[in-house]
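Visitor: Could you walk me through the charged contacts in this protein? I'd like to see the model before we start.

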Amino acid sequence: MTGEHYFSAEPRVTERRREIGFTAAGRDFTLVTAGGVFSADRLDPGTAVLLRKAPLPEAGAAGPFLDLGCGYGPIACVLATAVPKATVYAVDVNARARELAAENAVRVGAENIEVVADIPDGVALAAIYSNPPIRIGKPELHAMLDRWLPRLAPGGVAWLVVARHLGADSLQQWLVDRGRTVQRHASQKGFRVLKVGDG
C-alpha cells in the first residue's frame, strides 16, 4: 500500500474482498477479508502460532477477553467460539477491519463478540490476545501496550506473539523493565509467544 498501512484509521486502498480459511482449536473457519487490513490474503503466520501455542480459556470462563489489533477478527472469532458465554472485545483503529470483524462474527455465529474502537471504562480484562502491530514503531507500540496492559484484571494475562527478527526479545526486556512478569511461553517458526502478567 502506498502512503498508508493496515493501521490507518480509514484505508483508501481498494477493498477487494476475498475469503480465507484456516483451522484453529479443532474447528474450521472461513472468514472474509479485504485490502487495507492486516494480512488480507492469508492467516498471518504469527497469528497462527499464537492460536496454536497460547492456551485458550476454558469454555465456561467468564471473561471478558480482548483481541487487541483484531484486524478482520480471526483471534476474536476463535476466542468467542471457545468461550461462548464470555464477552470478547475486538479492538482495532482501522474502520474497515472493524467492519470485517463484525461481519465475521456473524459468519461464525459468535454473538458474544463486541467490535469496538475502545472498551468502556472500568472493564477489567481476564486476558488479552494480540499479534501487535510491531511495524508502527517502538514509541507507538509501547504507548499502545502502556494503554492496554493496565486494563487487565488482577491475575489477568496478555498473550503476545512477536517475530524474533522484529524485536521479540527487546520487547520482552522492555516489558520487564516496566515491572511486568514476562515468560517466553513458546517459540515456533521464528515467532515468540510471550505471557505477560502484572508483576
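**Salt bridges across the chain**

Guide: Let's start with one pair: R147 and D118 form a salt bridge, with their closest N and O atoms 2.7 Å apart. They sit 29 residues apart, R147 in helix 4 and D118 in the loop between strand 5 and strand 6. This is a predicted model, where local features need pLDDT of at least 70, side-chain atom pairs count only at pLDDT 80 or more, and totals for chains, interfaces and linings use all residues. Residues are numbered from 1 along each chain as its sequence is written, and side-chain values use heavy atoms, with hydrogens and water left out.

Visitor: How many salt bridges does a search of the whole structure find?

Guide: The rule asks for a side-chain nitrogen of Lys or Arg within 4 Å of a carboxyl oxygen of Asp or Glu. Searching the whole structure that way, the count is eight.

Visitor: Which residue of strand 9 does D169 of helix 5 pair with?

Guide: D169 forms a salt bridge with R184, at 3.0 Å between the closest N and O atoms, and that partner is in strand 8. The side chain of D169 also meets one in strand 9, 23 residues away, again at 3.0 Å, N to O. That strand 9 partner is R192.

Visitor: Is R192 buried or exposed?

Guide: Buried means under 20% relative accessible area, exposed over 50%, and partly exposed in between (1.4 Å probe, protein chains only). D169 is partly exposed at 34%, and R184 is partly exposed at 41%. R192 has a relative accessible area of 10%, so R192 is buried.

Definitions and conventions
Helix = DSSP H or I, 4+ residues; strand = E, 2+ residues; numbered from the N terminus.
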